[in-house]
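Thanks for coming. I will take a few minutes to walk through one structure, so please have a look at it first.

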Amino acid sequence: MDENYRSDVYHWLIDRYDNRGEALYMLCTGFVAITVNGLAAYFLKHPLLFPSLAPTVFMLFRQPLGKDCCPRNVLIGHLLALCVGLAILYIFGLQNQPSVLQEGVTFPRIWAASLSVAVTEALLLLIRRPHTPAGTTTLLVSLGLFTTSSQLVSLMAGVVILVVVGWIINRSLGVKVPLWGPKD
């Protein structure tokens, strides 16, 4: 047996079909993962579908063994992003203001958005838990799109569902993704 042989579906598709195989893997796994979140959102009547899931899905299935997309970094990244976005809302006094979609772009929103992204990404690097899609989550909060406690809980629940589904899909297809994080 060739020492470069890989038994998981992800690498087999890439070895066999190059980028078309990777695209097929992304198409199928991404579709299933977002569908599960959508069905959970539908049946639970909570906003479990939101923009930061898209780049997270891309990372979970495009780089399934990457440090940035291990369950630990995804969960910590989005939770930290949510907290930073919320703190920035309060710092700028925007917690009770209409969202940027209703109110439009104002200088406080610009500063809140800029600072929330910068602080989130810097903190994730400092604690060695990078997850780039968390920048989208902090924007959702700092722009006033997710502000109530139920919306924030739904946001994190959506991330948890996605991480669990992503882990199950990858593992069931033979990709040895870690349960929590890679061995440092």
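Let me begin with a definition: a disulfide is a pair of cysteine sulfur atoms within 2.5 Å. By that rule this structure holds zero disulfides. Why is Cys28 not in one? Because its sulfur is 19 Å from the closest cysteine sulfur, in Cys69, which is too far for a bond. Cys83 is in no disulfide either, with the nearest cysteine sulfur, that of Cys70, 18 Å away.

Before going on, a word on where this comes from. The model is predicted, so local features need pLDDT of at least 70 and side-chain atom pairs count only at pLDDT 80 or more, while totals for chains, interfaces and linings use all residues. Residues are numbered from 1 along each chain as its sequence is written, and side-chain values use heavy atoms, with hydrogens and water left out.

Next, exposure. I call a residue buried under 20% relative accessible area, exposed over 50%, and partly exposed in between, using a 1.4 Å probe and protein chains only. On that scale Cys28 is partly exposed, at 41%, and Cys83 is partly exposed as well, at 42%. Across the protein chain, 42% of the 184 residues are buried.

Now the overall layout. The protein chain has eight helices and zero strands, where helices (H or I, at least four residues) and strands (E, at least two) are DSSP runs numbered from the N terminus. Read from the N terminus, the order is α-α-α-α-α-α-α-α. Along the principal axes, the C-alpha atoms fill a box of roughly 65 × 40 × 25 Å.

Contact, in what follows, means heavy atoms within 4.5 Å. Of the contacts in the protein chain with a separation of 6 or more, 71% are between residues 24 or more positions apart. For one pair that is distant in sequence, take Leu79 and Leu155: they are 76 residues apart along the chain, and their C-alpha atoms are separated by 9.2 Å. Leu79 sits in helix 4 and is partly exposed, at 42% relative accessibility.

Let me turn to helix 3, residues 53–62. Which of its residues are buried? They are Leu53, Thr56, Val57, Met59, Leu60 and Phe61. The cover over these buried residues includes helix 1 (9–17), helix 2 (19–44), helix 4 (71–91) and helix 8.

Leu60 also takes us to the cavity, since Leu60 is one of the residues lining the largest cavity. The definition here is longer. On a 1 Å grid over the protein atoms alone, a cavity is a set of points where a 1.4 Å probe fits but cannot get out, and lining residues have an atom within 4 Å of a point. Grid points are joined across faces, edges and corners, and a volume is the space filled by probe spheres set on the points. The count comes to one cavity of 30 Å³ or more, and the largest has a volume of about 60 Å³. Which element gives the most to its lining? Helix 8, residues 149–172, does, with four residues. By type, the lining divides into eight nonpolar residues, two polar and no charged. Here Ala, Val, Leu, Ile, Met, Phe, Trp, Tyr, Cys and Pro count as nonpolar, Asp, Glu, Lys and Arg as charged, and the others, Gly among them, as polar.

Asn170 is another of the lining residues. It is found in helix 8 and is buried, with a relative accessible area of 2%. Leaving aside neighbours within four places in sequence, Asn170 is in contact with Tyr25, Leu60, Phe61, Pro64, Val175 and Val177.

A second buried residue to point out is Ser116, in helix 6, residues 107–126. Its relative accessible area is 0%. The side chains of Ser116 and Ser142 are joined by a polar contact of 2.9 Å. A polar contact is a pair of N or O atoms within 3.5 Å; within protein, one must be able to donate a hydrogen and the other to accept it, and residues adjacent in sequence count only if both atoms are side-chain atoms. Not counting residues up to four places away in sequence, Ser116 touches Val84, Gly85, Ile88, Thr138 and Ser142.

Last, two loop residues. Asp18 lies between helix 1 and helix 2, and its phi is near 60°, a positive value in a residue other than glycine. Asp18 is exposed, at 52% relative accessibility. Arg128 is in the loop between helix 6 and helix 7 (134–142). The phi of Arg128 is also positive, near 60°, and Arg128 is exposed, with a relative accessible area of 57%.

Technical notes
On a 1 Å grid over the protein atoms alone, a cavity is a set of points where a 1.4 Å probe fits but cannot get out, and a pocket is an open set with protein on both sides within 12 Å along at least five of seven lines; lining residues have an atom within 4 Å of a point.
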